[in-house]
Amino acid sequence: MPAGIMIPPGHVPPMMGRNGKITGFGSSSGLTLGQPNMLDGQQHQLEMSQNTPESEMAKIRDDEFESKSGSENIEGASGDDQDPNQRPRKKRYHRHTQLQIQEMEAFFKECPHPDDKQRKELSRELGLEPLQVKFWFQNKRTQMKTQHERQENAQLRADNEKLRTENLRYKEALSNASCPNCGGPTAIGEMSFDEHQLRLENARLREEIDRISGIAAKYVGKPLVSYPLMSPSIPPRSLDLGVGNFGAQPGLGVGGGGEMYGAAGDLLRSVSGHSEADKPMIIELAVAAMEELIRMAQLGEPLWVPSLDNATEILSEDEYIRVFPRGIGPKPAAFNTEASRETAVVIMNHINLVEILMDVNQWSSVFSSIVSRAMTLEVLSTGVAGNYNGALQVMTAEFQVPSPLVPTRESYFVRYCKQHAEGTWAVVDVSLDHLRPGPVLRCRRRPSGCLIQEMPNGYSKVTWVEHVEVDDRAVHSIYRGLVSCCLAFGAKRWVATLDRQCERLASVMASNIPAGDIGVITSPDGRKSMLKLAERMVVSFCAGVSASTAHTWTTLSGSGAEDVRVMTRKSIDDPGRPPGIVLSAATSFWLPVPPKKVFDFLRDENSRSEWDILSNGGVVQEMAHIANGRDPGNCVSLLRVNSANSSQSNMLILQESCTDSTGSLVIYAPVDVVAMNVVLNGGDPDYVALLPSGFAILPDGAPVQSGVHCGSLLTVAFQILVDSVPTAKLSLGSVATVNSLIACTVERIKAAVSCEST
């Protein structure tokens with residue numbers, strides 16, 4: 001047949017495969033073009049041989065070779081159907097034009113699997129039969145697949161050759177390996193190379209543990225207890241070994257004794273990232289501080305002597321030096337000792353308490369009125385067995401009293417957590433200031449912390465010990481009594497704050513809220529969002545009122561303790577604050593009124609118009625509240641100011657009041673109505689802009705009469721947006737306005753509480 005002449009489609013008998021698609025004819029190219037089922041092909045060929053003359057069959061086969069062509073298609077019979085004794089037939093060639101090939105190549109890039117409609121349209125444009133187009137695309141796909149497989153095979157060969165080369169290199173290195181100890185050949189046949197290296201590492205660690213254990217024994221003056229790195233009966237899992245139990249003194253009732261100094265070696269295995277020179281000292285201090293804390297928490301007289309009114313305990317410094325002769329060294333000159341101990345039962349299980357103390361973010365949040373800044377500088381040990389048992393971390397923190405008249409106390413210390421017995425944990429801090437070159441030392445923490453014991457029904461017994469040495473000469477005279485009696489930074493304040501915060505967290509998780517009380521928020525999501533917003537408000541207030549080293553206060557006017565101190569902040573891209581220049585102003589003064597009376601007056605919405613100038617004499621009404629504890633003064637409230645001025649009729653005030661035996665806070669902030677509706681429906685409170693103001697009420701530290709403090713130390717603080725443009729300059733007029741506002745508020749409070757006390 002002349003080249004280029006095709007059999008009309010009507011003359012070609014259709015052949016169907018199992019899936020109904022047209023397959024190749026006969027057996028000449030069935031495997032090459034689409035791999036049709038061979039049984040089906042044989043069945044069709046039998047039918048054709050019965051109904052078609054032999055000469056016509058040969059003609060059809062010849063034309064089939066021409067139609068099944070690609071850019072240069074050479075087809076023959078498949079290997080399975082060829083007779084090895086038969087001479088192969090001459091192969092027929094058929095070439096497509098260059099234009100046809102280019103068009104089909106371009107179409108293939110867009111659609112390698114054209115459907116019937118696309119093949120017919122393409123064949124009409126190129127002057128080809130649809131079957132030719134189909135076979136060309138089949139061959140093209142097979143060709144591309146073959147190319148991809150060839151490339152993958154080449155890559156695999158290269159990778160295989162690379163691995164073979166590395167394997168040979170490692171074998172050569174192993175054959176030439178030498179023992180680091182003796183320099184001789186290693187016994188590769190007896191143990192693996194990795195095992196050999198682990199044994200060498202274990203030997204080195206054992207030597208270091210013995211050395212550190214000796215240091216610890218020498219430090220606390222007790223005989224050395226050898227601590228094997230691993231028991232022969234325990235499989236070698238050095239990474240899973242935990243910190244051993246610290247033994248307490250005989251008769252103290254905490255854990256078993258006799259293994260305390262071996263624990264130094266246990267602790268050493270988890271320490272990493274610190275310099276080798278500092279590591280033994282940190283472990284030494286942690287071991288000794290833990291023992292000292294346990295004894296300080298459990299011993300009574302003569303170490304702790306009751307005060308004259310039996311309300312507190314006083315540490316006998318002479319007895320302390322006798323019981324703990326080494327410690328962290330003698331007390332620096334001009335430093336005063338503050339030591340206190342307090343015990344309470346709180347509504348939180350011991351595991352959660354340990355987690356709060358060891359997580360710097362939770363710790364600084366729960367104690368936000370005491371901790372102004374905190375940071376974990378380095379985690380030396382994360383503990384073992386999925387908990388904080390044996391955790392050791394180097395931290396820095398700044399402790400505050402909510403007043404600009406009391407300087408904050410910075411401390412650089414190591415915190416160590418240890419489980420002593422089932423349900424008994426201890427967390428201890430001790431200063432590391434001698435390891436950090438820095439400014440003049442103003443405060444150092446001797447072993448301080450708490451002993452936590454599990455109680456039934458999810459409660460815990462907490463015994464807190466605070467023992468610091470501090471240069472307190474910069475404290476204002478009206479706060480000297482409060483600081484010296486350990487109510488400002490002492491254990492009683494830590495425990496009272498913890499007890500109050502545990503009650504607050506319990507109220508967040510409460511689900512059995514009675515729905516009958518008017519104004520009570522019963523929605524769990526709404527309660528959580530509102531309490532979270534109030535918590536951020538309290539943290540912001542406390543951070544903006546203390547004499548932190550991070551803040552720069554400027555004295556405006558006044559005399560003595562009633563100086564008004566101001567500072568400015570620029571708020572940019574902070575979703576929790578309105579953008580612009582914020583002016584913070586604070587002042588502290590003494591009132592001859594008990595703290596509880598001052599607290600009740602300031603938190604009562606009915607007396608708010610007597611001191612709140614911004615309410616313009618309007619009636620303040622409580623819309624909703626959330627109780628935060630047993631004391632009715634611990635609550636979060638949403639207040640509405642019904643002012644005669646219609647422009648302020650929609651103003652809402654978010655207020656949190658909290659009180660305990662060591663002090664009280666009343667903090668409030670104006671909030672947007674729309675934003676609060678989102679919060680009450682459980683929305684995200686982080687995007688509600690707040691500028692908190694409020695009061696901190698503390699006892700004056702004078703001797704208590706009939707169990708009641710006679711005087712109060714009141715701090716008044718405002719945060720006011722004076723300009724909505726962050727880059728604007730602060731005007732003297734704005735400062736004068738804020739100064740006048742705070743002075744007028746102070747005078748109103750003095751007049752009101754004086755009238756009530758008379």
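Trainee: How many helices and strands does the protein have?
Mentor: This is a predicted model, in which local features need pLDDT (the predictor's confidence in each residue, from 0 to 100) of at least 70, side-chain atom pairs count only at pLDDT 80 or more, and totals for chains, interfaces and linings use all residues. Residues are numbered from 1 along each chain as its sequence is written, and side-chain values use heavy atoms, with hydrogens and water left out. Helices (H or I, at least four residues) and strands (E, at least two) are DSSP runs, numbered from the N terminus. Counted in this way, the protein has 17 helices and 21 strands.

Trainee: What is the mean pLDDT of the protein, and over which residues does pLDDT stay under 50 with 117 contacts in the model?
Mentor: The mean pLDDT is 74, and 69% of the residues reach 70 or more. Below 50 lies the stretch of residues 218-273, with 120 contacts (heavy atoms within 4.5 Å) beyond near neighbours in sequence. The stretch with 117 contacts beyond four places in sequence, where pLDDT stays under 50, is residues 1-82.

Trainee: What percentage of the 758 residues count as buried?
Mentor: A residue is buried under 20% relative accessible area, exposed over 50% and partly exposed in between, with a 1.4 Å probe and protein chains only. By that rule, the buried share of the 758 residues is 47%.

Trainee: Which residues of strand β20 point the way that Ser693 does?
Mentor: Strand β20 covers residues 693-699, and seven of its seven residues are buried. In a regular strand the side chains alternate between the two faces of the sheet. In β20, Gly694, Ala696 and Leu698 point one way, and pointing the other way with Ser693 are Phe695, Ile697 and Pro699.

Trainee: Which residue of β21 stands opposite Ile697?
Mentor: Two strands pair if DSSP finds at least two bridges between them, and β20 pairs in the antiparallel sense with β19 (residues 663-671) over five bridges, where Val666 stands opposite Phe695. β20 also pairs in the antiparallel sense with β21 (residues 712-723), over six bridges. In that second pairing, the residue opposite Ile697 is Leu714.

Trainee: Is Phe399 of strand β7 buried or exposed, and what is its relative accessible area?
Mentor: Phe399 is found in β7, residues 392-399, and residues that it touches beyond four places in sequence include Trp363, Phe413, Phe489 and Trp494. Ser546, which is 147 residues away in sequence, has its C-alpha 9.5 Å from that of Phe399. Phe399 counts as buried because its relative accessible area is 5%.

Trainee: What is the accessible area of the nonpolar surface patch that includes Val345?
Mentor: Patches are made of residues with over 30% relative accessible area and no salt bridge (a side-chain nitrogen of Lys or Arg within 4 Å of a carboxyl oxygen of Asp or Glu), with like charges joined within 9 Å and nonpolar side chains (Val, Leu, Ile, Met, Phe, Trp, Tyr) within 5 Å. Val345, in strand β5 (residues 336-346), is partly exposed, with a relative accessible area of 45%. Accessible areas come from the Shrake-Rupley method with a 1.4 Å probe, and for residues only the protein chains shown count as cover. Together, Val345, Ile347, Met455 and Tyr459 have an accessible area of about 300 Å².

Trainee: Which residue in the loop between β11 and β12 is exposed, with a relative accessible area of 75%?
Mentor: The loop in question runs between β11 (448-454) and β12 (460-470). The residue has a positive phi of about 60° although it is not a glycine, and it is Asn457.
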